[in-house]
Structures are given as C-alpha cells and as structure tokens.
Amino acid sequence: MRSHFLILMAIMALGLCLRLFLINGGIDLDESVTEYVSSSQSIHDLVYRIEHYEFGPPLYFYLMMLWRKVTPDQPIYLALPSLFFSIVLISLTYLLAKKLTDSNKIAIVSALFCALSPLAMFYSREARVYSLSSCLNVITAYFYIKWLKDKNKSSLVGLAISASLVAYTHYLGFFFLGLLVSGRLRLLCTTK
C-alpha cells in the first residue's frame with residue numbers, strides 16, 4: 001500500500017511540473033471576466049456581476065473573491081486555484097478508479113492519465129471554473145458509486161452535498177447529474 005501512495009505522489013509531482021510549465025502570468029478575455037467578477041467587494045456586488053457578465057452559478061466566483069482578498073493583485077495568482085484543483089483532481093481520479101475497480105494498478109494508471117491529460121493541463125492554467133468543476137464531478141461520482149455499493153446514509157449525505165456543489169459551480173453539472181440519475185433509473189429498470 002505504501003508503494004502505491006509513493007507512486008501516486010510521484011504522479012502528482014509530475015502533473016504539477018507539467019502544469020507549472022504552462023503558467024505564464026498573463027490573462028485572456030475569459031480570465032478578465034473572472035478577474036472583474038471576483039474583484040467584487042460584497043456578495044451583492046458579486047451576484048450582480050455574475051448576473052450581468054458571467055451568467056454562471058456563483059460558487060467558483062465566491063471562492064475566487066475570497067482568494068483575491070488574501071493574495072496580491074497580480075494575474076499569476078488568479079490561476080493558482082485552478083492549478084491546485086487540477087492537482088487534487090489527480091488524486092481524486094485515483095480514489096474514484098479504486099472505488100470502481102478495487103484495483104490499485106488501474107487506479108494508478110487512471111491517475112497517470114489524468115496527470116498527462118492535455119485538457120486537464122490546459123485548464124489548470126486558466127482562471128476559470130473548469131478544474132473545480134472537474135473535482136466536484138469526480139467527488140460526486142465517487143459518492144454515487146459508494147452509495148450504490150454500500151447503501152449507507154453517509155454516502156448519501158456525501159452525494160447530496162457534492163451534487164449540490166456541482167450544481168452551484170457550472171451549468172454542465174446539471175447534465176452530469178442527469179447522467180447519474182438516468183444511469184440509476186436504467187439499473188432499476190434492468191433489475192426488475
């Protein structure tokens with residue numbers, strides 16, 4: 001078990017090195033919207049800016065507003081939360097694969113694929129919602145699988161909380177949640 005942990009840490013370090021290489025400190029048009037919305041001075045102002053300039057759920061922008069209050073006002077700091085969530089996603093992918101397959105080898109390979117994913121690397125440098133959304137989707141899938149296997153209340157509570165966070169992060173989260181519900185309905189229909 002210890003060797004799997006060390007391998008996972010090495011994969012996460014590799015993922016971090018590959019992602020750090022992409023951070024350039026500049027911002028593009030989408031990131032400028034994130035910068036503007038997250039520079040709100042109050043929740044009311046944040047909601048107004050999201051409503052008029054972003055059109056997305058508020059969780060990511062609220063977290064970014066809090067982040068910007070404790071970091072210097074420089075563009076490179078905007079991307080650090082996405083970089084963090086992108087690295088966390090590697091370990092979450094490992095946990096989800098382990099829960100699905102009960103195989104450490106498959107979980108390690110899954111984490112490696114996540115670390116080397118070009119899209120995950122690209123979005124890790126963007127001051128946008130995508131890395132956080134990916135993490136929350138994987139957490140939701142984990143609790144969903146755990147609930148299907150164990151049928152305990154703590155799994156259901158974790159599923160409810162993570163599904164709520166998904167819905168408050170990105171509108172595509174509703175599509176993801178719909179896929180989970182339709183998968184569950186399909187399971188119920190085929191077992192009868």
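In this predicted model, Ser-91 has a relative accessible area of 18% and therefore counts as buried, the cut-off being under 20%. The residue sits within helix α5, which runs over residues 75-101. A polar atom of the Ser-91 side chain lies 2.8 Å from the backbone oxygen of Val-88. Setting aside residues up to four places away in sequence, Ser-91 touches Leu-8 and Met-12.

Leu-8 leads on to the nonpolar interior. The largest nonpolar core comprises 42 residues, and Leu-8, Tyr-60, Ile-90 and Leu-177 are those with the most contacts inside it. Two or more residues each come from α1 (2-20), α3 (43-54), α4 (59-70), α5, α6 (104-116), α8 (130-150), α9 (153-167) and α10 (172-191). Helix α5 makes the greatest contribution to this core, with nine residues. In soluble globular proteins, nonpolar side chains tend to be buried together.

Helix α4 offers a second view of the interior. This helix has 12 residues and spans 17 Å from its first C-alpha to its last, close to the 16 Å expected at 1.5 Å a residue. Its buried residues are Leu-59, Tyr-60, Phe-61, Met-64, Met-65 and Arg-68. An α-helix has 3.6 residues a turn, so residues three or four places apart point the same way. The buried residues of α4 pack against α2 (29-38), α3, α5, α8 and α9. For Tyr-60, the contacts beyond its neighbours within four places in sequence are Thr-34, Ser-82, Ala-127, Arg-128, Val-129 and Leu-132.

Technical notes. Residues are numbered from 1 along each chain as its sequence is written. This is a predicted model: local features need pLDDT of at least 70, side-chain atom pairs count only at pLDDT 80 or more; totals for chains, interfaces and linings use all residues. Side-chain values use heavy atoms; hydrogens and water are left out. Helices (H or I, at least four residues) and strands (E, at least two) are DSSP runs, numbered from the N terminus. Buried means under 20% relative accessible area, exposed over 50%, partly exposed in between (1.4 Å probe, protein chains only). A polar contact is a pair of N or O atoms within 3.5 Å; within protein, one must be able to donate a hydrogen and the other to accept it, and residues adjacent in sequence count only if both atoms are side-chain atoms. Contact means heavy atoms within 4.5 Å. A nonpolar core is a set of buried Ala, Val, Leu, Ile, Met, Phe, Trp, Tyr and Cys residues joined through side-chain atoms within 4.5 Å. The expected span of a helix is 1.5 Å times one less than its number of residues.
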